[in-house]
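Please open the model in your viewer and keep the sequence panel beside it. The stops below each begin with something to select and then describe what is found there.

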Amino acid sequence: MRIVGIDYIIIIAYLLVIVASGILGSIRAGNQEDYLVAGRHLPLPIYVACITTVVIGGGATFGAATQAFNNGISAVWMVTMFGVGILSLGFLLSTKLSNLRILTISDMLTLRYKREAGMISAIISAFYTMMVAVTNAIALGVTFSAMMGWPLKLAIFIAAGIALAYTLLGGMTSIALTDTIQFTIMTIAIFFILLPQGFSKVGGIAGLKDTLPESYFDIGAVGVHKIFSWFILFALGLAIGQDIWQRVFGAKNSSVAKRGTVIGGIYTILWAIAMTFAGMFAFSLAPGIDPQNALSEAVLLIVPAGFRGLVFAGIMSAFLSTISGCMLASSTLILNDILRLDNGKIARTRVMVIAVGGTVIALSVAIQSVLTALDIAYAILSGCIFVPVIAGFFWKRANWKGACGSMVMSFFAVVCSMIKWGTSSTAPIMIGIVISVVSIIVISLITEPEDPEKLTEWENKLI
């Protein structure tokens, strides 16, 4: 059964509100800082909505439900690692990032090391943010396909086009407005409708135990190796993502940045639990379906007519926020740090958003797999960027030659490893991190240290 009647009206109304918010954002975005970081004046409630919705996207929603459909409750570890990454960012880096008053991760590496380090990181980070957008465009396309019965390629094209439209209009100012709406809808839809209805439908925990394999209630069933690989992929990657940092840069002050990021991490762990049960509901009720459709089918099987539209709107909210944030993040990196064409004009940024959005749509239609796109994105980011960024904050002896060498060598190691062992293997990211650590230490120690004055200037900016 697909959605009908009132559900269509709810979804259409939701999409109209999102587009209207984009138009309002375009009116309020008076300059480049408004467009890129919402004028750096996001208060705590809106900041929490922004940081949470950019984290909770296709991987944390469809990816998590798919894992739970296949493995049961142990799948909770996947998105829990998203939350661990955000909590780490909140406790360790958010205050420093807010105090820097910059726009991109590449700005940070340029300030700490040299322009060359910022350029290399911009190229890698731009690719990462595009792939995260691709992940969510595919997931949103799957949702549209399940709701409307459309072919997946057409559904992906339309879904990503909606995100591109409102991002194009008002940038981060529009995104802040839409994220607040989307956060509210997704919270109500998942925690107050889908979960209670789901437990009622399957007969509670007892009903799940009667219909699911015993292994589905083993918290460690996926294995220590898989849990550790999720930590490496997601906890490390999310702590240094441009899409997430761009939200931090928009916080009103460092206190908002820290408190809001920590709250976002806690919410993400609660979301992990919710999506795990959603995937288990789907297996209990329809074990023969395509695992990638687990969440959509769970909604169709569990939620009564009249509420399905609201729940699907909540799921769509999670994806739209991440797609829009990643499109804007990638555009910012390419324009400001790779092409270095920023002249403060919003029009030029909008042209870049169109180019990035078109690329995202093309890649989404070509890949059509949420978990494949997710694995590629986080393997590249965690394997190549994490070590130079963390070393920049916490190891004074790290220098620009070590940072550049670390990123270049680990990038080629990750790519070659993915070609040999595939995108789902944990080998690429493990090899990338090891090479990154060894190369930055060795190269930094055998070359001259950074200028003490430059280091002092850097440290003063963090305070």
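Begin by selecting helix α5 and helix α12 together, which in this predicted model pack at an angle of about 175° with their axes 8 Å apart. At that angle, which is over 145 degrees, α5 is roughly antiparallel to α12. If you colour the contact of α5 with α12 by residue class, you will find 13 nonpolar, 13 polar and 1 charged residues in it.

Stay with α5, which covers residues 76-100, and pick out Leu-93 within that helix. Is Leu-93 buried or exposed? With a relative accessible area of 2%, Leu-93 is buried. Leaving aside the neighbours within four places in sequence, the residues in contact with Leu-93 are Ser-88, Ala-239, Trp-245, Ile-390, Phe-393 and Phe-394. To get a sense of scale, draw a distance from the C-alpha of Leu-93 to that of Leu-154, and you will read 40 Å in space for two residues that are 61 apart in sequence.

Next, select Arg-101, which lies in the loop between α5 and α6, the latter being residues 105-112. Its backbone deserves a look, since Arg-101 is not a glycine and yet has a positive phi of about 60°. Arg-101 is partly exposed, having a relative accessible area of 48%.

A second residue with this kind of backbone angle is Arg-40, whose phi is positive at about 55° although Arg-40 is not a glycine. You will find Arg-40 in the loop between α2, residues 32-37, and α3. At 8% relative accessibility, Arg-40 counts as buried.

From that loop, move on to helix α3, residues 44-55, and show it together with helix α8, residues 152-202. These two helices pack at an angle of about 75°, and their axes are 8 Å apart, which makes α3 roughly perpendicular to α8. Which residues make the contact? On the α3 side they are Ile-46, Ala-49, Cys-50, Thr-52 and Thr-53, while α8 contributes Ala-176, Asp-179, Thr-180, Phe-183 and Met-186. Sorted by class, the contact of α3 with α8 holds 6 nonpolar, 3 polar and 1 charged residues.

Keep Cys-50 selected, as this cysteine leads to the question of disulfides. A disulfide is a covalent bond between the sulfur atoms of two cysteines. How many disulfides does the model contain? Taking a disulfide to be a pair of cysteine sulfur atoms within 2.5 Å, the count comes to 0 disulfides. For Cys-50, the closest cysteine sulfur is that of Cys-326, and because the two sulfurs are 13 Å apart, they are too far for a bond. Cys-50 counts as buried, at 0% relative accessibility. Now select Cys-404 and Cys-384: the closest cysteine sulfur to that of Cys-404 is in Cys-384, 13 Å away, so this pair is also too far for a bond. Cys-404, at 10% relative accessibility, counts as buried.

The next stop is helix α9, residues 204-211, where the buried residues are Gly-204, Gly-207 and Leu-208. Turn the view so that you look down the axis of α9, and these buried residues fall within an arc of 100°, so they line one face of the helix. An α-helix has 3.6 residues a turn, so residues three or four places apart point the same way. On the other side of α9, Lys-209 and Asp-210 are exposed. If you then show what covers the buried residues of α9, you will find that this includes α8 and α12, residues 254-285.

Follow the chain into the loop between α9 and α10, residues 224-238, and select Glu-214 there. Glu-214 counts as exposed, at 75% relative accessibility. Add Gly-72 to the selection: although Glu-214 and Gly-72 are 142 residues apart along the chain, their C-alpha atoms are separated by 9.2 Å.

For the last stop, go to helix α19, residues 427-446, and select Ile-429 within it. Ile-429 is buried, with a relative accessible area of 2%. Not counting residues up to four places away in sequence, Ile-429 touches Ile-232, Leu-233, Tyr-378, Ala-379, Ser-382 and Gly-383. A final distance, drawn from the C-alpha of Ile-429 to that of Thr-167, comes to 31 Å for residues that are 262 apart in sequence.

Methods:
Residues are numbered from 1 along each chain as its sequence is written. This is a predicted model: local features need pLDDT of at least 70, side-chain atom pairs count only at pLDDT 80 or more; totals for chains, interfaces and linings use all residues. Side-chain values use heavy atoms; hydrogens and water are left out. Axes are lines fitted to C-alpha atoms, for helices over the stretch in contact, and angles run from 0 to 180 degrees between N-to-C directions. Helices (H or I, at least four residues) and strands (E, at least two) are DSSP runs, numbered from the N terminus. Angles under 35 degrees count as roughly parallel, over 145 as roughly antiparallel, 65 to 115 as roughly perpendicular and the rest as oblique. Contact means heavy atoms within 4.5 Å. Ala, Val, Leu, Ile, Met, Phe, Trp, Tyr, Cys and Pro count as nonpolar, Asp, Glu, Lys and Arg as charged, and the others, Gly among them, as polar. Buried means under 20% relative accessible area, exposed over 50%, partly exposed in between (1.4 Å probe, protein chains only). The arc is that of the directions from the helix axis to the C-beta atoms.
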